[in-house]
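Reader: I would love a close look at one part of this model, taken slowly and with its surroundings kept in view. Could you pick a loop, start there, and follow the chain outward?

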Amino acid sequence: MPAPPPNVTGFACLACGREEPSGAGRFTCPSCGGNLDALYDYVAASAAMDRERIAASRDRSFARWAPLLPLAEESLPLTTPVGGTPLLRAERLGRSLGLENLFLKDDTAEPTASFKDRASVVALLRARETGADTVAVASTGNAASSTAGIAAALGMRAVLFVPESAPEPKLVQMLLYGARVVRVRGSYDDAFDLCGRAAERFGWVDRSTGVNPFTAEGKKTAAFEIALDGGRRAPDWVLVPTGDGNILGATGKGFREMRALDWIDRLPRMVAVQAEGSSAIVRAFREGKKEAEEGPADTIADSIRVGRPRDSVRALHALYDSDGLGVSVTDDRILAAAARLARETGVFAEPSAAAGLAGLERMVEENRVKPQDHVVLVITGHGLKDPRTLSSGIEVPAAIDPTLEAVEEEIG
């Protein structure tokens with residue numbers, strides 16, 4: 001039996017509430033199969049976490065948050081600098097939207113260029129602590145390339161299950177990192193089910209979100225950073241592109257923990273932004289349900305193309321707990337938002353990562369956001385992850401002769 005996670009006092013099932021001891025060694029609830037949430041001693045964590053010391057530290061990585069991570073202290077030093085991404089003030093974009101305080105949490109700056117590095121680093125370090133040498137993951141693309149990159153940094157073996165439709169740039173990342181890539185004929189949900197069966201058969205650690213409780217523990221650190229960089233005043237709104245629900249739910253947990261430690265004055269209102277063709281969590285929220293039902297998965301935004309959200313209970317809890325909101329947007333709006341984000345902020349985001357801006361545009365149109373509200377868009381992945389989709393409708397200029405006359409004629 002592997003040693004219990006350091007700092008974790010136990011686990012609670014998000015679906016039925018059953019509590020498990022920290023050393024139980026299970027990833028899901030033995031009663032109902034629901035996802036587990038790690039519990040901590042917040043009195044001890046508060047005593048160990050000095051805000052001024054953390055803010056002044058030269059270490060900007062996830063390791064700053066050790067008292068609220070399920071890892072031994074000796075596991076934390078890592079050459080790959082996960083976390084510590086910038087919180088950018090988007091003044092020009094804010095002005096064009098009529099907002100005075102718009103910020104971007106830019107996780108395109110992570111080592112593999114996506115938010116998923118936060119989950120991978122904690123889940124894989126925890127797996128290594130238990131003696132595992134192979135991790136598996138099901139992914140639409142980013143979680144797989146992230147797992148491959150972090151596994152390469154740690155000297156671990158990664159087996160990646162991705163749908164046939166995974167974008168080529170992400171596949172190239174995975175293969176260059178040295179991972180074993182299994183392309184599955186079918187959807188993300190088909191890849192997820194196959195990954196789970198394979199991990200059980202071959203004794204691998206399954207890092208997939210909705211199964212591995214430690215992914216959320218890594219992702220919640222984005223909320224810690226927003227709380228630290230923004231001062232005691234929490235944002236009014238935090239918009240998260242949402243697929244399986246893990247990022248949204250984990251970020252919501254991070255803010256709840258910051259509130260428990262009195263680092264912020266209140267909880268920000270969380271917003272789930274989904275594509276209209278893949279909006280199971282938004283639909284469940286509007287209907288007041290505790291768990292999303294399976295639905296269509298039809299969108300150009302591959303990272304949020306999920307028919308059966310595996311962490312919808314955690315996501316919906318974050319929405320209800322914060323008096324949040326669910327917004328769905330068309331693919332056309334997502335592509336337009338990616339272009340606008342690039343033009344007006346200089347941040348190049350893949351379609352799914354730009355969905356948050358598309359959702360904010362809808363909220364502004366519907367007068368849900370006040371001009372003075374503090375708004376944070378979580379930008380989850382770099383545009384070079386899926387350039388083919390982003391190039392739709394873009395005309396590449398023809399080459400010109402190397403003369404000033406040709407330049408004058410071209411520029412007009």
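**A loop and the strands around it**

Author: Happily! Let us start at alanine 113, which sits in the loop between strand E5 and helix H4 (116-129). Please keep in mind that this is a predicted model. The backbone of alanine 113 catches the eye: its phi is positive, about 70 degrees, although the residue is not a glycine. Most residues other than glycine have a negative phi. Is alanine 113 buried or exposed? Its relative accessibility is 17%, and because the cut-off for buried is under 20%, alanine 113 counts as buried.

Now step back from the loop into strand E5, residues 101-106. Six of its six residues are buried, so E5 is largely enclosed by the rest of the structure. In a regular strand the side chains alternate between the two faces of the sheet. In E5, Asn101, Phe103 and Lys105 point one way, while Leu102, Leu104 and Asp106 point the other way. Lys105 and Asp106 are thus on opposite sides of the strand, and both are among the buried residues.

Which strands does E5 pair with? One is E4 (residues 87-89), which pairs with E5 in the antiparallel sense over three bridges. In that pairing, arginine 89 stands opposite phenylalanine 103. Another is E13 (residues 374-379), which runs parallel to E5 and is joined to it by six bridges. There, lysine 105 of E5 stands opposite valine 378.

Strand E13 leads us to another loop with an unusual backbone angle. Asparagine 367 lies in the loop between helix H14 (351-365) and E13. Like the alanine we began with, asparagine 367 has a positive phi without being a glycine, here about 60 degrees. Its surroundings are another matter: at 67% relative accessibility, asparagine 367 counts as exposed, whereas alanine 113 counts as buried.

If we return to our starting loop and follow the chain through helix H4 (116-129), we come to strand E6, residues 134-138. Here too every residue is hidden: five of five are buried, so E6 is largely enclosed by the rest of the structure. Thr134, Ala136 and Ala138 point one way from E6, and Val135 and Val137 point the other way.

What is the order of the open sheet that holds E6? Four strands form it in the order E8-E7-E6-E9, with parallel pairing. The edges belong to E8 (180-184) and E9 (205-206); each has a single partner strand, so one side of each is left without a neighbour in the sheet. Strand E6 is joined to E7 (residues 157-163) by five bridges, and threonine 134 stands opposite arginine 157 there. Towards E9, the parallel pairing of E6 runs over two bridges, with valine 205 of E9 as the bridge partner of valine 135.

Two residues farther along the sequence give a sense of how the rest of the chain packs. Valine 306 is in the loop between helix H11 (280-286) and H12, and at 3% relative accessibility valine 306 counts as buried. Beyond its neighbours within four places in sequence, valine 306 is in contact with Tyr188, Asp189, Gly243, Asp244, Ser278, Pro296 and Ala297. Helix H12 itself (residues 312-321) holds alanine 318, which counts as buried at 2% relative accessibility. Alanine 318 touches Leu248, Gly249, Gly252, Arg256 and Met270, if residues up to four places away are left out. Its C-alpha is 5.0 Å from that of glycine 252, although the two are 66 residues apart in sequence.

Finally, here is the chain around these parts. Its secondary structure comes to 16 helices and 13 strands. Of its 412 residues, 57% count as buried. Among contacts between residues at least 6 apart in sequence, 71% join residues at least 24 apart. The radius of gyration is 21 Å, which agrees with the value near 22 Å for a compact globule of 412 residues. Along its principal axes the C-alpha trace spans about 75 × 45 × 45 Å.

Conventions
Residues are numbered from 1 along each chain as its sequence is written. This is a predicted model: local features need pLDDT of at least 70, side-chain atom pairs count only at pLDDT 80 or more; totals for chains, interfaces and linings use all residues. Side-chain values use heavy atoms; hydrogens and water are left out. The radius of gyration is taken over C-alpha atoms; the globule rule is 2.2 Å times the number of residues to the power 0.38. Buried means under 20% relative accessible area, exposed over 50%, partly exposed in between (1.4 Å probe, protein chains only). Contact means heavy atoms within 4.5 Å. Two strands pair if DSSP finds at least two bridges between them.
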